[in-house]
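Visitor: Please choose one part of this structure and take me through it slowly. I would like to look at a single place up close before I step back.

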Amino acid sequence: MAVETPASSEQEELAERARQAVAEAARKLVLGAPGPQDGQEDPDAPRSDALASLRALAHLSRAVEECATLAARAAAQEGAGYPQLGRAWGSAARGPASAGPASSSPHAPHHDRYPTTRPGARS
């Protein structure tokens, strides 16, 4: 039997708000997408609302990965280590390979892009 703690309740609420924000962002991307010009149809254009939404979500996913990588770099430069990066990313940090956005996507940069020492620390 799982006991819901305030932290898990907050995490669930944050996750739900994030899902809603992503769905809204995808909807806005789809609505703002340019239509066919001069009667010429793009063969790669989505043929349904679901495909258009999927295409927008794919772009959002890549954008989130890029933003997460930048945020992880900034946090590392401010002194965060792998355990802190892992907790912020929502994963159990067992080492560099699980320390955040670098390990969550095949498209994300390798984990060696994250500093292994804190600024000013001796190697």
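**A close look at R27 and its helix**

Guide: R27 is partly exposed, with a relative accessible area of 42%; that label covers values between buried (under 20%) and exposed (over 50%), taken with a 1.4 Å probe and protein chains only. Before we go on, please note that this is a predicted model, where local features need pLDDT of at least 70 and side-chain atom pairs count only at pLDDT 80 or more, while totals for chains, interfaces and linings use all residues. Residues are numbered from 1 along each chain as its sequence is written, and side-chain values use heavy atoms, leaving out hydrogens and water.

Now, what does R27 form with E24? The two make a salt bridge, and their closest N and O atoms are 2.7 Å apart. The term asks for a side-chain nitrogen of Lys or Arg within 4 Å of a carboxyl oxygen of Asp or Glu. The partner, E24, is partly exposed as well, at 31% relative accessibility. Why can these two meet? R27 and E24 are three residues apart in helix 1, so about one helical turn separates them. An α-helix has 3.6 residues a turn, so residues three or four places apart point the same way. Helices here are DSSP runs (H or I, at least four residues), strands are runs of E with at least two, and both are numbered from the N terminus.

The structure holds three salt bridges, so let us visit the others. E16 joins R19 in one of them, with 3.0 Å from N to O. These two are also three residues apart in helix 1, which puts about one helical turn between them. E16 is partly exposed at 34% relative accessibility, and R19 is partly exposed at 47%.

Another salt bridge links the side chains of E13 and R17, where N to O is 3.6 Å. Here the spacing is four residues within helix 1, which runs over residues 6-32, and again that comes to about one helical turn. E13 is partly exposed at 47% relative accessibility, while R17 has a relative accessible area of 49% and is partly exposed too.

Let us step along to helix 2 for a view of buried residues. Helix 2 covers residues 49-77, and its 29 residues should span 42 Å at 1.5 Å a residue; the expected span is 1.5 Å times one less than the number of residues. The end C-alpha atoms of helix 2 are 42 Å apart, in agreement with that.

Which residues of helix 2 are buried? They are A52, A56, L60, E65, A68, T69, A72 and A76. Take T69, which is found in helix 2: its relative accessible area is 6%, so T69 counts as buried. Just after helix 2 comes G79, whose phi is positive, at about 110°.

Finally, the whole protein. Its secondary structure comes to four helices and zero strands, and read along the sequence the pattern is α-α-α-α. The protein has 123 residues, of which 20% count as buried. If you return to R27 now, you can place it: R27 is partly exposed, in helix 1 with E24 about one helical turn away.
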